[in-house]
Every structure is written in C-alpha cells, then in structure tokens.
Amino acid sequence: MPDGYLDGYARILAAVASTGRRLTREELLARRELGEQAAEAGFGLRALVGAHLAGARVHWPSGASGADAADRVLAAVEQAVDAFAEGYERAQRLAVRQEAAARREFIDDLLYGRSDPGRLAERAERFGLRLSYEHAVAVAEGAVPYDEEDAVPRSVEQALTGRFGDRSVLLTTKAGRLVCVAPGDQGEVLTYFAKQAFAATDGGRVAIGRPRSGPGGVVQSYEEALNVLDLAERLDMDEPVLRAADLLVYPVLTRDRHAMTELVLSTLGPLEAARGGAVPLIETLTAYFDAGCVAAEAARRLSLSVRALTYRLERIHRLTGADPADPVHRYTLQTAVIGARLLGWPEKPF
C-alpha cells in the first residue's frame with residue numbers, strides 16, 4: 001500500500017504527544033481526503049485501518065512514555081482513523097449512487113431503445129449482457145408496485161443467483177414491475193423467474209416475450225411482454241404465466257381495428273336490444289366458449305341452470321341470426337366476442 005495515504009500521520013502523532021491538543025480542522029479534512037482517494041483507488045478499508053495502526057507503532061512519539069501521553073496519542077489515532085474512514089465511506093456511497101444512476105440510465109435506454117445501438121451494446125457488457133445474442137424479457141406485476149430496493153425484487157434476485165449463478169441475467173424494476181432480461185437460449189431462467197415472481201408477489205401475473213436479437217430485440221421482447229399483460233387484463237385471463245408466443249392470434253385480431261369494430265357491431269350489435277343489454281349475453285358466450293362449448297360446464301361457471309343457459313343461447317341465436325352450436329357460426333361469434341373484450345365494447349361505445 002502506498003505510503004502516501006499516511007502522509008502527515010507521524011507529524012500529527014508527535015504534535016499531539018508534545019502539546020496534548022486534538023487534531024485541527026485542516027488535519028481532519030486532510031485525513032478525509034486521503035480516505036476518499038484510497039476508496040477511489042480500490043484499497044480495502046480493513047487493510048487501511050491496519051496500516052494506520054501499524055504506522056502508530058512505527059512512529060510512536062519518543063516522548064509519549066507516560067500513561068497520559070500514551071492516552072493522548074491513542075486518542076489522536078482514533079480521530080485520524082475515524083476521519084480517514086469517514087472520507088472512505090463517503091467516497092463509497094458516492095460511487096454506489098453513481099453506479100445506481102448509471103445502471104438505471106442504462107436500463108431505461110435498453111428497454112426504450114433510446115441510445116445508439118453500438119454505444120448501448122458497449123454499456124451492456126458492463127452489466128453482463130451481450131446484445132449481439134438473442135435475449136428474451138419477462139415482466140411480472142403484483143398487487144402493488146415495486147422498486148429495486150424492495151424485499152420482493154431482492155428475494156427473486158437471490159433465488160435466481162442461487163439457482164443459476166452468473167448467467168448474464170439482468171433483473172431490475174420498471175414502472176413498478178419486475179423485469180428479467182435473459183439470453184434467449186436459456187428459457188429455464190425465465191421460467192424459474194416466473195415461478196419465483198409469482199410466489200413473491202402473492203399470485204401476481206408474469207408475461208414472457210419472445211427471444212429477439214440485437215439491442216432492439218430487448219425492446220421488442222419487453223414490449224411484447226407488456227402487451228401480453230395488457231391483453232390478460234382486458235380478457236380477464238387467469239393463467240399466472242403467459243407467453244407471447246402462445247398468444248400471437250390476438251395481435252392479429254386487433255391489427256385492423258376498423259375491421260374488428262365492424263365485425264363486433266354487425267355480429268353482436270343486435271344483442272343490445274335484449275333485456276339487460278348486451279353484457280350478460282356476451283358473458284354467456286364467453287363462458288360457453290371457454291368451457292369448450294359444453295353447456296353444463298358453462299352453466300356451472302355462470303351459476304345458472306342448464307335450462308337457463310340454453311335459453312340464453314337461443315336468445316342470442318334469435319337476435320344475431322348466428323347459432324353458437326353451429327361450427328361455422330361459432331367461429332364468427334367467438335372472434336367477435338374476443339374483439340368486443342379487447343376493444344372494451346359495449347362499456348366503451350364506438
């Protein structure tokens with residue numbers, strides 16, 4: 001360890017032994033600055049404190065032989081080490097804040113694609129990501145929002161690290177949700193993340209985007225996961241883990257909003273003439289299709305008798321001209337029901 005971190009130390013001890021004074025303000029400031037420099041240079045605090053104690057033995061003032069003089073020198077050692085450690089810790093706190101700010105800025109740029117791809121790839125290596133490879137993103141949300149300092153993200157991160165070690169995985173939070181970025185060929189990592197996040201959030205929902213390559217691929221996979229969460233909310237899906245690859249039909253259905261609106265209005269619009277409006281009958285169709293078109297199961301889900309359910313289906317047939325039991329009509333009705341739920345109709349009129 002360079003002797004420079006003990007500059008002026010022997011002189012201070014000698015002065016204290018002869019005069020009995022405490023360290024001056026300037027001396028304390030100098031020790032703090034040396035502590036900051038040592039922290040920035042990467043030296044450990046334990047070794048630095050040891051160097052001060054060893055220096056005190058080497059430079060013990062010759063006149064400090066009595067008990068009082070020895071007590072004054074030891075008090076000076078305590079002051080010097082305390083000031084040095086204060087500067088050291090201050091530098092470390094600043095470094096942690098700067099690192100956290102740099103990490104947050106990188107995460108924002110990574111998930112929103114706001115930085116130059118080449119520069120972003122360089123910064124990603126600092127955080128263990130190689131953006132030239134494929135990556136997939138999983139997003140978990142719970143009943144409350146989270147940030148990186150909360151217990152839930154930390155417990156999930158500890159579980160991932162304990163299971164997989166360092167596998168180029170980035171775990172963070174964004175907009176109150178947990179976000180996990182992992183190599184696209186390591187699907188087991190995201191599956192395990194989903195399991196841990198579901199448990200840690202007390203039954204939250206997790207969406208997993210498809211693997212994509214390059215810096216822009218992380219953005220695409222992240223947006224896919226967010227869209228799946230939104231889709232699950234609108235369609236009231238109860239699956240705890242949803243994969244974008246399994247739900248590709250829904251983006252196709254909503255890509256042409258005008259066409260979907262026309263289908264919903266032309267197919268389901270007549271249901272608004274029913275007593276109680278269209279909502280109860282749309283809920284009936286939803287339960288019927290979710291039950292695999294098994295009337296007894298659909299009736300159970302709706303807490304109805306099979307006879308009451310059959311009456312509703314017949315009512316839908318009369319109003320729309322489409323028979324839910326007919327395979328050809330069924331496809332049109334089911335697509336229209338999905339479209340209505342995606343578009344929020346009839347609660348949100350077109």
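**Exercise 1.** Is Asp236 buried or exposed?

Solution. The structure is a predicted model, and every value below is computed from it.
Step 1. Take the cut-off: a residue is exposed when its relative accessible area is over 50%.
Step 2. Asp236 has a relative accessibility of 63%, so it counts as exposed.
Step 3. Locate the residue: Asp236 sits in the loop between α8 and β6 (241–243).
Step 4. Check its backbone. Asp236 is not a glycine, yet its phi is positive, at about 55°.

**Exercise 2.** Find where Ser303 lies and classify its accessibility.

Solution.
Step 1. Ser303 belongs to the loop between α12 and α13.
Step 2. Its relative accessibility is 68%, and therefore Ser303 counts as exposed.
Step 3. Ser303 also has a positive phi, near 60°, in a residue other than glycine.

**Exercise 3.** Test whether the length of helix α10 fits its number of residues.

Solution.
Step 1. Helix α10 covers residues 257–268, which is twelve residues.
Step 2. The expected span is 1.5 Å times one less than the number of residues, so α10 should span 16 Å.
Step 3. The C-alpha atoms at the two ends of α10 are 16 Å apart, which agrees with the expected span.

**Exercise 4.** Work out how the buried residues of α10 are arranged and what they pack against.

Solution.
Step 1. List the buried residues of α10: Met260, Thr261, Val264, Thr267 and Leu268.
Step 2. Look down the axis of α10. These buried residues fall within an arc of 150°, so they line one face of the helix.
Step 3. Recall the helix geometry: an α-helix has 3.6 residues a turn, so residues three or four places apart point the same way.
Step 4. Turn to the other side of α10, where His258 and Ser266 are exposed.
Step 5. Identify the partners. The buried residues of α10 pack against α9 (249–255), α11 (279–290), α13 (306–320) and α14 (327–343).
Step 6. Take Thr261 in α10 as a single case. Its relative accessibility is 12%, so Thr261 counts as buried. Beyond neighbours within four places in sequence, Thr261 is in contact with Leu343 and Phe350.

**Exercise 5.** Describe the surroundings of Leu190.

Solution.
Step 1. Leu190 is part of helix α7 (residues 187–200).
Step 2. With a relative accessible area of 4%, Leu190 is buried.
Step 3. Setting aside neighbours within four places in sequence, the contacts of Leu190 are Ala136, Val137, Ala138, Cys180, Ala182 and Ile208.
Step 4. One of these contacts, Cys180, is itself buried, at 0% relative accessibility.
Step 5. Leu190 and Ala207 are 17 residues apart along the chain, and 9.8 Å separates their C-alpha atoms.

**Exercise 6.** How many disulfides does the structure hold?

Solution.
Step 1. A disulfide requires a pair of cysteine sulfur atoms within 2.5 Å.
Step 2. The structure holds zero disulfides.
Step 3. For one cysteine, note the accessibility: Cys293 has a relative accessible area of 22% and is partly exposed.

**Exercise 7.** Which element gives the largest share of the lining of the largest pocket?

Solution.
Step 1. The largest pocket holds about 760 Å³ of space.
Step 2. Its lining consists of 27 residues, and those nearest the centre are Leu235, Asp236, Thr286, Asp290 and Arg341.
Step 3. Two or more lining residues come from each of α8 (215–235), α11, α12 (295–302) and α14.
Step 4. Helix α11 gives the largest share, eight residues.

**Exercise 8.** State the form of the peptide bond from Trp345 to Pro346.

Solution.
Step 1. Pro346 is in the segment after α14.
Step 2. Omega for the bond from Trp345 to Pro346 is near 5°, and the bond is cis.

Conventions: Residues numbered from 1 in each chain as written. Predicted model: local features only at pLDDT ≥ 70, side-chain atom pairs only at ≥ 80, totals over all residues. Heavy atoms only, no water. Helix = DSSP H or I, 4+ residues; strand = E, 2+ residues; numbered from the N terminus. Buried < 20%, exposed > 50% of the residue type's maximum accessible area, 1.4 Å probe, protein only. Arc of directions from axis to C-beta. Contact = heavy atoms within 4.5 Å. 1 Å grid on protein atoms, 1.4 Å probe; cavity = no way out; pocket = protein on both sides within 12 Å on 5 of 7 lines; lining within 4 Å. Points joined across faces, edges and corners; volume = space filled by probe spheres on them.
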